[in-house]
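Colleague: Before this structure is used further, I should like to discuss its helix packing and its aromatic pairs.

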Amino acid sequence: MTVRNMPFLAPAAFTMVMGTGALAMATLEMSQIFPPLYWFAQFLNILNYALFFLLALWAALSWPKNVPTLLENFDQPDNCALYSALGIALLVLGTQALRFGFGEIIAVCVWGPGALITLVFNYGILLRFFLHPGIEMSHITPVLFVPVASMVVLPVAGAPISVMLDSGVIRNIVILVSILALGGGLALYVGLFSMMLQRHLLIRPLPDQLAPTLWIHLAPIGWAAVALLALAQNVFPEAYLGGVEVIAILLFGAAIWWLIMAAIICIRALTSHNLTFSMAWWSFIFPIGSVTILSNHLAFAPANMLFPWLWALLAGLWTYCAVKTVVFLKRR
């Protein structure tokens, strides 16, 4: 295949980086219980950086030649929301750099562009919705939670990075951006969640093929709790940590509630044979990763007890999606 004939890369492809990064970090934590998994975590870490490099190169070669397609997709609510995946991928890689000991320089160099892209795209997406009326209730799907997830992921690495910075001004800017992103993300989640309930209960249910996207509900809840803990441990005084832990535990309960609900709906779709594999299945991975990591970060025994089981679910779904994706791409 020549560069000239290279097909257009959909921005949603970066969800693979999001999911692989979540599994890599969860596996690193799981290796504290089962040490042999440490090398699998290291493999996933390197694999994810390589995957991002390949996708970024593909995007750099295909996007300039497909500007009309990019603009057309940006005008569609669901596709528009998926443009946030690039920013989330960079934020996840920045978090990986911290967790796997790559050093603060690499973490900042990856996280910084991710934070900038996240803020620019989120404001751009919101402006698109505010200034271009005509969005119907049927357009409200869980995919719209992806930009919200990008905002609450931002402080997960932003908080520890702020502690590493020497300059007080830059440190304060990073802390401010992290808090603004988390607060804005939580506020948007509340608004979108109310619209999603209205759509589910009063309009019509999601088609079975979109059932996997219901798992995206977990991402803003789970990553918001992880971000709260990161801010509490790195930025807030110790006096606030206990209160933040309580909030994080409540968010964990909400995430598990949605995990069960999404699983029931997906199982129903599978048993009715209306759900076949598509790239939307990557919607499983990143949200489950947030709940898995959160369960190990809480000082809460019931959550810690679920950690190995959530990791097994995460690893199993990632493996299935990875194999199916390779087969899917070979057939194209």
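Modeller: The following exchange concerns a predicted model.

Colleague: How are helices H1 and H11 oriented to each other?

Modeller: Helix H1 (residues 15-30) and helix H11 (residues 285-297) pack with their axes 8 Å apart, at an angle of about 25 degrees. Angles under 35 degrees count as roughly parallel. H1 and H11 are therefore roughly parallel to each other.

Colleague: Which classes of residue make the contact of H1 with H11?

Modeller: On H1 the contact residues include Met18, Ala22 and Glu29, and on H11 they include Phe286, Gly289 and Ile293. By class, the contact has seven nonpolar, five polar and one charged residues.

Colleague: Are the rings of phenylalanine 40 and phenylalanine 43 stacked, tilted or edge-to-face?

Modeller: Both residues lie in helix H2 (residues 37-62), three residues apart, which is about one turn of the helix. Their ring centres are 6.4 Å apart and their planes stand at 20 degrees. Planes under 30 degrees apart count as stacked, so the pair is stacked.

Colleague: How many residues apart in sequence are the parts tied together by tyrosine 49 and phenylalanine 102?

Modeller: This aromatic pair is tilted, with 5.5 Å centre to centre and 50 degrees between the planes. Tyrosine 49 lies in helix H2, whereas phenylalanine 102 lies in the loop between helix H5 (85-99) and helix H6 (104-131), so the parts tied together are 53 residues apart in sequence.

Colleague: Is leucine 250 buried or exposed?

Modeller: Leucine 250 is placed in helix H10 (residues 241-271). Its relative accessibility is 62%, and values over 50% count as exposed. Leucine 250 is therefore exposed.

Note on methods
Residues numbered from 1 in each chain as written. Predicted model: local features only at pLDDT ≥ 70, side-chain atom pairs only at ≥ 80, totals over all residues. Heavy atoms only, no water. Helix = DSSP H or I, 4+ residues; strand = E, 2+ residues; numbered from the N terminus. Buried < 20%, exposed > 50% of the residue type's maximum accessible area, 1.4 Å probe, protein only. Axes fitted to C-alpha atoms, helices over the stretch in contact; angles between N-to-C directions. Parallel < 35°, antiparallel > 145°, perpendicular 65-115°, else oblique. Contact = heavy atoms within 4.5 Å. Nonpolar A, V, L, I, M, F, W, Y, C, P; charged D, E, K, R; others polar. Phe/Tyr/Trp six-rings, centres within 6.5 Å; stacked < 30°, edge-to-face > 60°.
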